[in-house]
Amino acid sequence: MQVVEKQYDVVVVGSGGAGTSAAVAARDQGCSVLLVSKDPINCSDSKISEGIVTVRGSETDKDTETELSSNIRIQGDDIGRAEHARAFAEDSQSAYEWMRQQGLKPHFDESGKAKTLGMAMGGHTQSRSIDHANGGLDYAHALRQALTEKQNGHLDYMEDAWFLDLYVQESEQRISVQGGLIYHAADGVLVSVKAQAVVLACGGIGTLYFPHTDTMRGNTGDAYAIAARAGAKLVDMEQIQFIPFAAVNPPSHQGLIVGEPVSAGALGVIRDATGKVILSEIMARTRAECAAAIAQAVEEGRGTDHGGCYLDLTDNIQGASAEPFRYVMKTKAGSLLKVVRASMGSSAARFEVPWEVKPSAHYCMGGIATDENGQVFDANSQPIHGLLAAGQALGGLHGSNRLGSTSLAEAIIFGRRAGYQAAVSAPLNSGSDTNEKSVIEYYLSMLGRDGESYGIDITRALQKACWKFIGPARNEKDMSELKDSISQREQQLDDCHVSSSKYFNQSFIDVVEARNLLQCATFIVQSALSRKRSLGAHFRTDSRPDNLGKRPFSVQCFWESEGQLKIVHEDREASPVGARIKLRMQQGGKILMLKLLRHLPLGLRDKILIKKYAAAAGGLPKENVHEA
Amino acid sequence: MKLKLMVIREDKVELESFEYQQQVIGEKPVVLDVLLQYQENQNKDYAYRYGCRNGLCGVCTVEVNGKPKLACKCRVGEGDTITPLSTLPVLSDLVVSRQAVSKQLVEKLPVPQGTGQDNNADNTDYQRLNRCIECYACLHECPMHEKNDLTNRQADYLYGNPYSLLRIQRNLVDANATEEVKEKSLKLARDLGIEACRDCKGCRCGVGINLKKDVIRPLLFRLPNGEPDKSIEKEY
Ligand SMILES: Cc1cc2nc3c(=O)[nH]c(=O)nc-3n(C[C@H](O)[C@H](O)[C@H](O)COP(=O)(O)OP(=O)(O)OC[C@H]3O[C@@H](n4cnc5c(N)ncnc54)[C@H](O)[C@@H]3O)c2cc1C
Ligand code: SF4
Ligand code: SF4
Ligand code: FES
């Protein structure tokens, strides 16, 4: 395969919200930018998302920066970095304004103000989430518009382009990045690109759990694996978010998201296979709480045949509030209901029967260790010059639980910061050799290799094991076994068959991705082993949850030498006790309200609910009000 | 269930038979179920695209019995034949090169600047067009697109297609777009060969956007001697 050489100021990897906004930010500083995307341009989690975006103060001015950042930190059990949460709160409005500039249009009220969902998503203390008519498609069209614009700087993009590895230079104990190698499958060449800075915005690891995931196929953890190979430190890799409510059947729908805690209505409950309620007042719970309840029941043998539980929304359609509830769901969760109808039938989509659901891998809270501008850190917490991360690739914002609708905002907030930082960081080149030659040699030598097995075999076996052992429920014994089996699979990978074809070489792609997946499995399992107690999304069946009041810490890892992963713990600043108590009380209050509501006389209950639903839907159609 | 799948490597082209094994009783598999199983059991380095499995990312389009379909949504039946899109150059097996379509409008299509006009406008027309998932199913039998050099994987496309016209029309219904942006957008439509639409039977969208009514006709109307040809009139 031919190796083509190129040079840019900045290379950005990934074309979701984070990559696109980073590339545009660097271009706006006058840089020449190359944006690489292994999926067709802008085809990403950002595009297939629900398109709901956190914007502070979008509902009420009372929503302060402190309230938002403290929501994020406390709901993430304080293991995230305070600086990241603050940056998020500072920039959420300007990030959304930037998306508006690219053509994103929310629903507007009569005064021309953007409408919110009308209720706080699970774990938020304010209603501050803005939804869009076509969900993530609206968001993606805006990203596409940003890349279409003609501007001062220079922005090229390349799709079907797998970023393989970074070129690093080590001098005076300092690592600096000088570009990297790309497989451009559409042109059938390797592209060796030199650059002063690289932004990794290609996060996500859902495919490690396929088919138990609702993310894009390309979520093979490339960002984490590539960064770690270049000497970066990763944080909180044990914290994988499993959304609690995904379809279990048929195979084509398995893992697809069917609901959120907030879409359970005021009266939704989770039941185990025997019909016993295992969690109520869902609406006021976080994703982690719901997923843990299901995982616990399944672990104790009270799950369904498909390894799930039931999300029962039937109580919501008992009285006069039934139609308003249906209306809100249709307008606010239409795309989820489509999946419900297709996988469970139309009576399920009318909420007449409980839905069989199970958790599904959705988001990686962990990621590359950075400062709040996306500057990546090495093992010693020193900056790696010229390496930045943004979006899902970046770790340290969410801690142990990500609040709904924060990720699409995060992508733009940290994408723009990283893109700017990449543009202004002066090139640092000591002139000493980089590992460029050996990187190119490694990938070239793989091509045309004969072997018995293929990358896909290893990936499929790994996915099964990971779902079982580092999925929504974990224990010491299983995880230790998994750890051992990973190294065997890594050896197997070196003997895999790789064809020599140039254009879209699937065997090559599969081996490259299998390697990244295996390394990510190592990060996750070893981090998870070292966090001995359940916390947030990390649910251990062999220990009790971390007791409150203990000092929060983050689990971090990096390659000490080849094949040798080192785990360290870093203490984190705890949120003020007062703030923690206040938030817990607010959530407790919400739960109590929902409990009370359940026991009110039907007529009164309906009255309250109709009012609530009307607020959420921004008014109800006449026939609904009439019925009420 | 027996099916046929096309295998294309370098310059070798073959139709392979495959027997799909049901995974659960009563299963009605979609094309993607077949592709996943075919790769796992019979052709380990089979190249095909998919992303979301949910009809949203738009990357999995293939042809089933000669018609463009989303692999993740289209149910398969006995004897179906699965081939790559015939409207774009093949890279390998079911994977076609999409980049020339994707890049066609870059730095050419003017972009509405600023916000503020849309806050009090009716944005329904705009949002209707945003349903587009960029699956490129609409390129099927488009005479304008067929004028491009479709054999060359690296060629740029001079002529447009329904998708590019949709993006242009999006500007025309964007409350934030100035007259200048609209004029330039229309000029681009002409440069891409929209005249071909005048005597064309019209195009179909994979997710049900009414391309004739919401894209082609309004664009033709805005052009000088804008009346569309009589033949297209009948279609509406
Ligand atoms: C079904 C679903 C619904 C969601 N709904 C919401 C919501 O409503 N609100 C919200 O805030 N969040 C939501 N999320 C989460 C959110 O969509 C993502 O976390 C967010 O979009 C991540 O953005 P990103 O830019 O970091 O990465 P992505 O958007 O995932 O983009 C990653 C990009 O990297 C590319 N890439 C990966 N590896 C490589 C490589 N090696 N070389 C080159 N390119 C590479 C991919 O092709 C892709 O372009 C949802 C997620 C899912 C799956
Ligand atoms: S109407 Fe125009 S865009 Fe549509 S198929 Fe015909 S020529 Fe192509
Ligand atoms: S207009 Fe329709 S068919 Fe064409 S790319 Fe968009 S969604 Fe696909
Ligand atoms: S896989 Fe995304 S549309 Fe088919």
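Colleague: What makes the area between domain 1 of chain B and domain 2 of chain B "buried", and how much is there?

Modeller: In this predicted model, the two domains bury about 1,100 Å² between them. That is called buried because it is accessible area lost on putting the two parts together, summed over both. Carbon and sulfur atoms carry 61% of it. On the domain 1 side of chain B, the residues losing the most area to domain 2 are B:Thr87, B:Leu88 and B:Pro89, together 42% of what that side buries.

Colleague: How many salt bridges and polar contacts cross the interface of domain 1 of chain B and domain 2 of chain B?

Modeller: The rule finds 0 salt bridges there, so no Lys or Arg side-chain nitrogen across that interface is counted within 4 Å of an Asp or Glu carboxyl oxygen. Polar contacts do turn up: 3 residue pairs, both partners at pLDDT 80 or more. On the domain 1 side, strand S3 (61-64), strand S4 (67-70) and strand S6 (90-92) of chain B each bring at least two residues. By class, that side has 9 nonpolar, 5 polar and 1 charged residues.

Colleague: Where do the domains of chain B begin and end?

Modeller: Domain 1 of chain B is 2-96 and domain 2 is 99-232. Their C-alpha centres lie 29 Å apart, and the contact takes 15 residues from domain 1 and 14 residues from domain 2.

Colleague: How does chain A divide up, and how far apart are the C-alpha centres of its domains?

Modeller: The assignment gives domain 1 (244-364 + 576-628) and domain 2 (448-571) of chain A, with C-alpha centres 32 Å apart. Here 8 residues of domain 1 are in contact with 8 residues of domain 2; they count as contacts because heavy atoms come within 4.5 Å. The buried area is about 640 Å², with 72% from carbon and sulfur atoms. A:Ala295, A:Glu299 and A:Pro359 supply 44% of what domain 1 of chain A buries against domain 2, more than any other three residues.

Colleague: How many salt bridges and polar contacts are found across the interface of domain 1 of chain A and domain 2 of chain A?

Modeller: The salt-bridge count is 0, and the count of residue pairs in polar contact (both at pLDDT 80 or more) is 0 too. On the domain 1 side of chain A, the elements giving two or more residues are helix H7 (287-299) and strand S17 (355-364). H7(A) has the largest share, 5 residues. That side counts 4 nonpolar, 1 polar and 3 charged residues.

Colleague: Now the two chains. Why is the pair B:Asp118 and A:Arg100 called a salt bridge?

Modeller: The closest N and O atoms of B:Asp118 and A:Arg100 are 2.9 Å apart, and the limit is 4 Å between an Arg side-chain nitrogen and an Asp carboxyl oxygen, so the pair qualifies. Between chain A and chain B the count is 8 salt bridges. Polar contacts across the same interface come to 34 residue pairs (both at pLDDT 80 or more).

Colleague: Which elements give two or more residues to the side of chain A that touches chain B?

Modeller: In chain A they are helix H2 (45-48), helix H4 (82-101), helix H5 (136-148), strand S6 (154-159), helix H13 (455-469) and helix H15 (506-530). H5(A) gives the most, 7 residues. By class, this side of chain A has 22 nonpolar, 20 polar and 17 charged residues. The contact takes 59 residues from chain A and 61 residues from chain B, and the chains bury about 5,400 Å² between them, 48% of it on carbon and sulfur atoms.

Colleague: What surrounds ligand 2, and how do its residues divide by class?

Modeller: Around ligand 2 sit B:Cys142, B:Pro143, B:Met144, B:Pro162, B:Leu165, B:Cys197, B:Cys200, B:Gly202, B:Cys203 and B:Ile216. They divide into 9 nonpolar, 1 polar and no charged. B:Gly202 is the polar one, because Gly counts as polar while Cys, Pro, Met, Leu and Ile count as nonpolar. Helix H4 (143-146) and helix H5 (162-172) of chain B each supply at least two residues of this shell.

Colleague: And which residue makes the charged entry in the shell around ligand 3?

Modeller: The shell around ligand 3 has 10 nonpolar, 1 polar and 1 charged residues. Its residues include B:Cys132, B:Glu134, B:Tyr136, B:Cys205 and B:Gly206. Glu counts as charged and Gly as polar, so B:Glu134 and B:Gly206 fill those two entries.

Note on methods: Residues numbered from 1 in each chain as written. Chains lettered and ligands numbered in written order. Predicted model: local features only at pLDDT ≥ 70, side-chain atom pairs only at ≥ 80, totals over all residues. Heavy atoms only, no water. Buried area = accessible area lost by both parts, 1.4 Å probe. Polar contact = N/O pair within 3.5 Å; in protein donor to acceptor, adjacent residues only side chain to side chain. Helix = DSSP H or I, 4+ residues; strand = E, 2+ residues; numbered from the N terminus. Domains from an automatic or database assignment. Near = heavy atom within 4 Å.
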